[in-house]
Amino acid sequence: MADPTDSPVTGSSIHHEDISDDLRTVRLAGRLDMLGMEPIALKFTSLTASHAQQVLVDLRAVSFLASIGIRSIVSSARALEAKGGRMALLVAPGSSVEATLTSTGISEVIPIHTDEAQALAALGAAG
Amino acid sequence: MAAALPADQLHIQPDPHSLREASLWLAERCRQRSVPQELIDRLDLCLNEVLANLVDHAGPGALDTPVELLLDPGDPSGGSPVCLQVRDGGAPFDPTAAPSPTAPTVLAETGIGGLGLVMVRRFCDDMRYRRINDRNELTLCLSWPQETPGR
């Protein structure tokens, strides 16, 4: 089910889709800086960290990932893990978002994929 | 000591909306000077993190003082880098001397503080700081890509 939250002012958006009872995809888009995170941060937390599930966060349509966006992702991933769930990230290969996640070491603690089917399979297998 | 830069400058108020204005200004000016997109992206990230840190931590007095941005595109043939200077009226803060957080190895122990500084250090090639006239002056430089193979 799609449940979009779009902000024409900040250009950021969040949509989600439940693949199964415990496997969810959350798609983020736009520029995730202070302005871009403001309208979607709460929705992101509630969609990713509310209960034990496997969550794939699709960042392929994110044009810019600032530390405020990374902090939100890490906080939710930690909360999800504490509940028994797991998060993985989907990025465009060679993108600046991938470089940011690698350079900050986040890719060492949250799995990163470049292929959606493989990412969902890995999460499904983990669940 | 940071050198004076030629005028290609913007004054902004340190707030989230102005971060976008600064980013657009940076991209436009860099493209006019044929700075490669990869360098623009890295400089954009650095500028965003420096300004976001200012908005979050510099205190109410600093938020009333415009931040001055100066861009020097350098010279790709002469080897001088693209440099961006950020001058703010916040409390003295030398990011070159601030400790780096330890690299995360386990999600449960991954901290969320200090990420911005980590990103600035990773994405710029040189970072210099000085305190001058009661203002912080931070200079971020990125080297132009080498055109000759086998550098």
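User: How many residues does each chain give to the contact between chain B and chain A?

Analyst: The contact takes 23 residues from chain B and 22 from chain A, where two residues are in contact if their C-beta atoms, placed from the backbone, lie within 7 Å. This is a predicted model, in which local features need pLDDT of at least 70, side-chain atom pairs count only at pLDDT 80 or more, and totals for chains, interfaces and linings use all residues. Residues are numbered from 1 along each chain as its sequence is written, while chains are lettered from A and ligands numbered from 1 in the order in which they are written.

User: Which elements of chain B give two or more residues to the side that touches chain A?

Analyst: They are α1, α2 and α4 (115-123) of chain B; helices (H or I, at least four residues) and strands (E, at least two) are DSSP runs, numbered from the N terminus. α2(B) gives the most, with six residues. The side of chain B that touches chain A divides into 14 nonpolar, five polar and four charged residues. Here Ala, Val, Leu, Ile, Met, Phe, Trp, Tyr, Cys and Pro count as nonpolar, Asp, Glu, Lys and Arg as charged, and the others, Gly among them, as polar.

User: How do I read the two sides of a helix, and which residues of α1(B) are buried?

Analyst: An α-helix has 3.6 residues a turn, so residues three or four places apart point the same way. In α1(B), the buried residues are L19(B), A22(B), S23(B), L26(B) and C30(B). A residue is buried if 20 or more other C-beta atoms lie within 10 Å of its own, exposed if 12 or fewer, and partly exposed in between, with C-beta atoms placed from the backbone. Seen down the axis of α1(B), its buried residues fall within an arc of 100°, so they line one face of the helix; the arc is that of the directions from the helix axis to the C-beta atoms. On the other side of α1(B), L24(B), E28(B), R31(B) and Q32(B) are exposed.

User: What covers the buried residues of α1(B)?

Analyst: The cover includes α1 (34-37) of chain A, together with β1 (9-12), α2 (37-57) and β2 (67-72) of chain B.

User: How are strands paired in a sheet, and in what order do the five strands of chain B come?

Analyst: Strands of a sheet pair through backbone hydrogen bonds, either parallel or antiparallel. In chain B, the order of the open sheet is β1-β2-β3-β5-β4, with antiparallel pairing; two strands pair if DSSP finds at least two bridges between them. The edge strands are β1(B) and β4(B) (126-132), each pairing on one side only. β1(B) and β2(B) are joined by four bridges, and L10(B) stands opposite L69(B) in β2(B). α1(B) packs on this sheet, touching β1(B) and β2(B), and its direction makes about 175° with that of β1(B). Axes are lines fitted to C-alpha atoms, for helices over the stretch in contact, and angles run from 0 to 180 degrees between N-to-C directions.

User: Is strand β3(A) parallel or antiparallel to β4(A)?

Analyst: β3(A) and β4(A) (residues 54-65) run parallel, joined by nine bridges. R31(A) stands opposite F64(A) in β4(A). With β2(A) (residues 13-20), β3(A) pairs in the antiparallel sense over seven bridges, and a hairpin joins β2(A) to β3(A) through two residues. Eight of the ten residues of β3(A) (residues 23-32) are buried, so the strand is largely enclosed by the rest of the structure.
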